[in-house]
Amino acid sequence: MDHGNMHDMPPPSTPSMMNNGSMNGGGGHHKMMMMHMTFFWGKNTEVLFSGWPGTSSGMYALCIIFVFFLAVITEWLAHSPLLRGTTGDSANVASGFVQTAVYTLRTGLAYLVMLAVMSFNAGVFLAAIAGHAIGFMLFGSRAFKKPSGDQKTNDPLVSGHNFQK
């Protein structure tokens, strides 16, 4: 590797540059916020949008709830009959467009959850994990699904039959 050209790189940020947001040390209009690269606890964070949720405990709680429900909705869409094409005539072009729209919405929401987690706030991370877990339990697992006729007689976990003696 050639490290001889490292003198051409700009210098690292100094505290004065981060305080006023300008490279020349003058009075910049925007303050640069340091982005965390490791997980941290605390309500003073930015998630998804500049300045949101800010420093308010109430807004941080709203942020946590928002991320939780984003993850739940993502799981709901992932296990939706609309996405799997099991509602009616799946060979229909209109149902193909509906399937594509639901898939696109689910993917966009999943990316929003991912970007929220990239704030490296541990509370946001736990809210996303909890949202995905609750969403999967409600919509993807067999815990809350009614068994069909075949599962009722063949699956000992669902039907309650114990085949061991």
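**Figure 1. The aromatic pair of F39 and F125 in the predicted model.** F39 is partly exposed in this predicted model, with a relative accessible area of 46%. Its partner F125 is likewise classed as partly exposed, at 30% relative accessible area. The structure holds 5 aromatic pairs, and one of them is formed by F39 and F125, whose ring centres lie 5.1 Å apart with 55 degrees between the planes, a tilted arrangement. Because F39 belongs to the loop between α1 (15–20) and β1 (45–46) while F125 belongs to helix α5, the pair ties together parts that are 86 residues apart in sequence. Ring pairs also bring in F120, so that a cluster of F39, F120 and F125 results.

**Figure 2. The ring pair of F68 and F69.** The planes of F68 and F69 stand at 85 degrees and their ring centres are 5.2 Å apart, so the pair is classed as edge-to-face. F68 has a relative accessible area of 22% and is partly exposed. F69, with a relative accessible area of 44%, is partly exposed too.

**Figure 3. The loop between α4 and α5, with F120 and S119.** Both F120 and S119 are found in the loop between α4 and α5. F120 has a phi near 65 degrees, a positive value in a residue other than glycine. Most residues other than glycine have a negative phi. The relative accessible area of F120 is 21%, and the residue is therefore partly exposed. S119, in contrast, counts as buried at 10% relative accessibility. When neighbours within four places in sequence are left aside, the contacts of S119 are H36, F40, T45, E46, V47 and V124. F120 is also a member of the cluster that ring pairs form with F39 and F125.

**Figure 4. The surroundings of V124 in helix α5.** V124 is found in helix α5, which spans residues 122–139. Its relative accessibility is 0%, so V124 counts as buried. Outside its neighbours within four places in sequence, V124 contacts V47, Y60, C63, I64, V67, A116, V117 and S119. One of these partners, V67, is 57 residues away from V124 in sequence, yet the two C-alpha atoms are 6.8 Å apart in space. V67 also takes part in the contact of α2 with α4, as does A116 on the α4 side.

**Figure 5. The packing of helix α2 against helix α4.** Helix α2 comprises residues 57–78 and helix α4 residues 93–117; their axes come within 9 Å and cross at roughly 150 degrees. This angle makes α2 roughly antiparallel to α4, because it is over 145 degrees. The crossing in which α2 passes α4 is left-handed. From α2, the contact draws on V67, L70, A71, I73, T74, L77 and A78, and these meet V102, L105, R106, L109, A110, L112, V113 and A116 of α4. By class, 13 residues of this contact are nonpolar, 1 is polar and 1 is charged.

**Figure 6. Backbone geometry at L48 and at the W52–P53 peptide bond.** L48 lies in the loop between β1 and β2. Its phi is near 70 degrees, a positive value in a residue other than glycine. L48 counts as partly exposed, at 26% relative accessibility. W52 and P53 are joined by a cis peptide bond, with omega at about 5 degrees. Most peptide bonds are trans. P53 lies in strand β2, which covers residues 53–54.

**Figure 7. Overall organisation of the protein chain, as context for the close-up views.** The secondary structure of the protein chain consists of 7 helices and 2 strands. Along the sequence, these elements follow the pattern α-β-β-α-α-α-α-α-α. The protein chain has 165 residues, of which 23% count as buried; V124 and S119 are among the residues classed as buried. Among contacts between residues at least 6 apart in sequence, 51% join residues at least 24 apart.

Technical notes
Residues numbered from 1 in each chain as written. Predicted model: local features only at pLDDT ≥ 70, side-chain atom pairs only at ≥ 80, totals over all residues. Heavy atoms only, no water. Axes fitted to C-alpha atoms, helices over the stretch in contact; angles between N-to-C directions. Helix = DSSP H or I, 4+ residues; strand = E, 2+ residues; numbered from the N terminus. Parallel < 35°, antiparallel > 145°, perpendicular 65-115°, else oblique. Left-handed = near helix turned anticlockwise from the far one by under 90°. Contact = heavy atoms within 4.5 Å. Nonpolar A, V, L, I, M, F, W, Y, C, P; charged D, E, K, R; others polar. Buried < 20%, exposed > 50% of the residue type's maximum accessible area, 1.4 Å probe, protein only. Phe/Tyr/Trp six-rings, centres within 6.5 Å; stacked < 30°, edge-to-face > 60°.
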